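User: I want to go through this model with short questions and reasoned answers. Please show the structure, and we can begin.

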Amino acid sequence: MNYRHAFHAGNFADLVKHAALLRLLDALQADRAPLRIIDTHAGSGLYDLRGPEAQRSGEAQAGVMRMMAATDRPGALDDLAQAVTAANDGAAEPWLYPGSPWLIARALRPGDTYLACEMQPQEHARLTDVVGGRSGVSTLCGDGFAEAAKALDPRARNLVLVDPPFEKADDYDRIAVLASEALALAPGTTFLIWLPLKDLETFDAFLRDLEDACEPAPLLVVEARMRPLGDPMKMNGCALVLIHPPEGLTPSLQAAADWVTAAEAGGQAKVWSLG
Ligand SMILES: C[S@@+](CC[C@H](N)C(=O)[O-])C[C@H]1O[C@@H](n2cnc3c(N)ncnc32)[C@H](O)[C@@H]1O
């Protein structure tokens, strides 16, 4: 397994994912019930935008750097921009990008709990440096697909974030299996699933499988296409699928994805419901 998120941290896809994550946390925390959050693929939690990986890929330039410098940023990205500023101790130009563990750990209320799973030992060691020891937070070095369902709390409101590298052909199948297992154990569980958009066939097949696995749970789909889905070898955009989405998220998810995709001439975003 070669994937290192340090090459991609703060890119357009992270903005779409993390803006949605913050909106989702906010909406779920409107309920006083304790929140149990499981992050199946946590990464290292905080990324150095001046490090060799980020410098080599340059992906953050069109993502977080553009967002932080923008004067036309929609309100839907404000929470994320504020989190980036906080992660950088208020510095005008960010050099650290906060990943999902940093964002989630910061948002926990007393009584909320968070399990961050990361398979690569080096990434996990960094993850424990970043969020380990915080109240309500635990980390696990292992396979998040195998651990997530066991870690649900049937008495709490559960949120599962699934954000694999999609280096393995069975990642799509394992998401559908996990969703089915989790909903059997804790039926109201909300999922936020991140996907690359390469070609329509793969995306449509995944949505059909997920719909079958989760039925009758409602799904909300966010598509952020940076260009037409013509070349299956390229990441042509990204998508999010929310299972059991809280009500009222669509306008902010649409606004964030609209702004991100507007950076490309052929960019296009849409948010739609399924099920
Ligand atoms: C896309 S990154 C995660 C980024 C993170 N969710 C965020 O938003 O900041 C995917 C991570 O999953 C890890 N990984 C790959 N397979 C895994 C598995 N089966 N279980 C847990 N972690 C895995 C990789 O090492 C990588 O750090």
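User: Which residues touch the most other members of the largest nonpolar core?

Analyst: The model is predicted. Its largest nonpolar core has 84 residues. Membership takes buried residues of nonpolar type, joined through C-beta atoms within 7 Å. The residues that touch the most other members are V16, V222, A239, L240 and V241.

User: Which helix gives the most to this core?

Analyst: A helix that feeds a core must have buried residues, since the core is a set of buried residues. In α1, 14 of the 17 residues are buried, so the rest of the structure largely encloses this helix. With 10 residues, the helix that gives the most to the core is α1.

User: What does L240 touch, leaving out residues up to four places away in sequence?

Analyst: L240 is itself among the core residues that touch the most other members. Its contacts include V222, which is also on that list. The full set for L240 is V16, K17, A20, L192, I193, W194 and V222.

User: How far does α1 reach from its first C-alpha to its last?

Analyst: Helix α1 covers residues 12-28, which is 17 residues. At 1.5 Å a residue, the expected span is 24 Å. The model comes close to that, with a reach of 25 Å.

User: In what order do the eight strands of the open sheet stand?

Analyst: The pairing in this sheet is mixed. Strands β5 (137-141) and β10 (268-274) stand at the edges. Each has a single partner strand, so one side of each lacks a neighbour in the sheet. The order is β5-β4-β1-β6-β7-β9-β8-β10.

User: What does the twist average from one strand to the next?

Analyst: The value belongs to the open sheet of eight strands. It is an average taken from each strand to the next. That average is 15°.

User: Is β1 buried or exposed?

Analyst: Take the faces of β1 in turn. On one side L35, I37 and D39 are buried, and on the other R36 and I38 are buried. Five of the five residues therefore meet the criterion, so the strand is largely enclosed by the rest of the structure. β1 is buried.

User: Which residue in β6 is the bridge partner of L35?

Analyst: β1 has parallel neighbours in the sheet. Four bridges join β1 to β4, where I38 stands opposite L115. Five bridges join β1 to β6. In β6, the partner of L35 is R157.

User: Which residue in β9 stands opposite I193?

Analyst: Strand β7 (residues 190-197) and strand β9 (residues 237-243) run antiparallel. Seven bridges join the two strands. Opposite I193 stands V241.

User: At about what angle does α5 run to β1?

Analyst: Helix α5 (residues 100-107) lies across β1 (35-39), β4 (113-118), β5 and β6 (157-162). Angles here compare N-to-C directions on a scale from 0 to 180 degrees. For α5 and β1 the angle is about 170°.

User: Which residues does P232 contact, leaving aside neighbours within four places in sequence?

Analyst: P232 lies in the loop between β8 (219-225) and β9. With 11 C-beta neighbours inside 10 Å, P232 counts as exposed. Its C-alpha is 9.0 Å from that of T202, which is 30 residues away along the chain. The contacts of P232 are K198 and D199.

User: Which residues are joined by a cis peptide bond?

Analyst: Most peptide bonds are trans. The bond in question has an omega of about 10°. P216 lies in the loop between α9 (200-214) and β8. The residues joined are E215 and P216.

User: D89 is not a glycine, so what is its phi?

Analyst: Most residues other than glycine have a negative phi. D89 sits in the loop between α4 (78-87) and β3 (96-98). D89 is exposed, with 7 other C-beta atoms within 10 Å. Its phi is positive, about 50°.

User: Where is H244 found?

Analyst: H244 also has a positive phi of about 50°, although it is not a glycine. With 18 C-beta neighbours inside 10 Å, H244 counts as partly exposed. H244 is found in the loop between β9 and α10 (250-261).

How values were computed
Residues are numbered from 1 along each chain as its sequence is written. This is a predicted model: local features need pLDDT of at least 70, side-chain atom pairs count only at pLDDT 80 or more; totals for chains, interfaces and linings use all residues. The expected span of a helix is 1.5 Å times one less than its number of residues. A residue is buried if 20 or more other C-beta atoms lie within 10 Å of its own, exposed if 12 or fewer, and partly exposed in between; C-beta atoms are placed from the backbone. Two strands pair if DSSP finds at least two bridges between them. Two residues are in contact if their C-beta atoms, placed from the backbone, lie within 7 Å.
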